[in-house]
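User: I'm new to reading protein models and would like a close look at a single part of this one. Could you pick one helix and walk me through it and its surroundings?

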Amino acid sequence: MSDKDSSTAKSYLDSAIAQGQSALGSLTGSTGDKAKASARKDEAAAEKDASHSVGKLGPLNVSPSGGVSTDDPNRSEGSWNQTIGSAKESMGGLIGSEPMKKEGAQQNAEGKGQEAQGQLSDFGSGVQDRVKGAVGGMAAGITGDREKEEEMRMKHDDAKTKQRSAEADIQKQADA
């Protein structure tokens, strides 16, 4: 990872430094320190937001750092099964067909489970591959293998994108 890449850890460090600056400004009465602390705190919040942002187009995910990933097929298939299940459920209610309504409810529930399975798979593989990319990048940096270091940075960034995409979808469902 380069210094220009967004990082949650860096945002937490910057936020902590801003808190210290703010406390110092309060103790000394320095409005300059308070202003610097406020600006640093805003930068830290923006850094954290950037490290968690993911652009999504269907099953394709892209992050500001250039990471690219695709969703586990269970995520798309599960979402599709939920849509079809809901349609069957509605149609069954509309025409008075209890079996169709039950079938739709079952397909909808199965789709939710399938989508959750895909999200957990993407989250787990994202975390695992981020660690592999970070460790591999450090090892390549120590040995001076710049090509391998870049390859591991890309692996880390792609995995981070996969993880953040799954996190965003999981959070969206939790908020619904």
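Analyst: Here is a walk along one helix, H4, and the two helices that pack against it.

Before we start, please keep in mind that this is a predicted model. Averaged over the chain, the pLDDT is 84, and 79% of the residues score at least 70. Residues 1-5 fall below 50, and beyond near neighbours in sequence this stretch makes eight contacts in the model. Where pLDDT is low, the predicted coordinates should not be read in detail.

Now to H4 itself, which covers residues 98-143. How far should its 46 residues span? At 1.5 Å a residue the answer is 68 Å, and the end C-alpha atoms of H4 are 67 Å apart, so the two values agree. Just after H4 comes Gly144, with a positive phi of about 85 degrees.

Next, the neighbours. Two packed helices are described by the angle between their axes and the distance between the axes. Let's take each partner in turn.

On one side of the sequence is H3, residues 73-95. The axes of H3 and H4 come within 7 Å and cross at roughly 165 degrees. Angles over 145 degrees count as roughly antiparallel, so H3 is roughly antiparallel to H4. Their crossing is left-handed. Sorted by class, the contact of H3 with H4 has five nonpolar, 17 polar and nine charged residues.

The other partner is H5, residues 146-175. H4 and H5 pack at about 155 degrees, and their axes are 7 Å apart. That angle makes H4 roughly antiparallel to H5. The crossing of H4 and H5 is left-handed. Here the contact has eight nonpolar, 10 polar and 14 charged residues.

To put the picture together: H4 is roughly antiparallel to H5, and H3 is roughly antiparallel to H4.

Notes:
Residues numbered from 1 in each chain as written. Predicted model: local features only at pLDDT ≥ 70, side-chain atom pairs only at ≥ 80, totals over all residues. Heavy atoms only, no water. Axes fitted to C-alpha atoms, helices over the stretch in contact; angles between N-to-C directions. Helix = DSSP H or I, 4+ residues; strand = E, 2+ residues; numbered from the N terminus. Parallel < 35°, antiparallel > 145°, perpendicular 65-115°, else oblique. Left-handed = near helix turned anticlockwise from the far one by under 90°. Nonpolar A, V, L, I, M, F, W, Y, C, P; charged D, E, K, R; others polar. Expected span 1.5 Å × (residues − 1). pLDDT = per-residue confidence, 0-100. Contact = heavy atoms within 4.5 Å.
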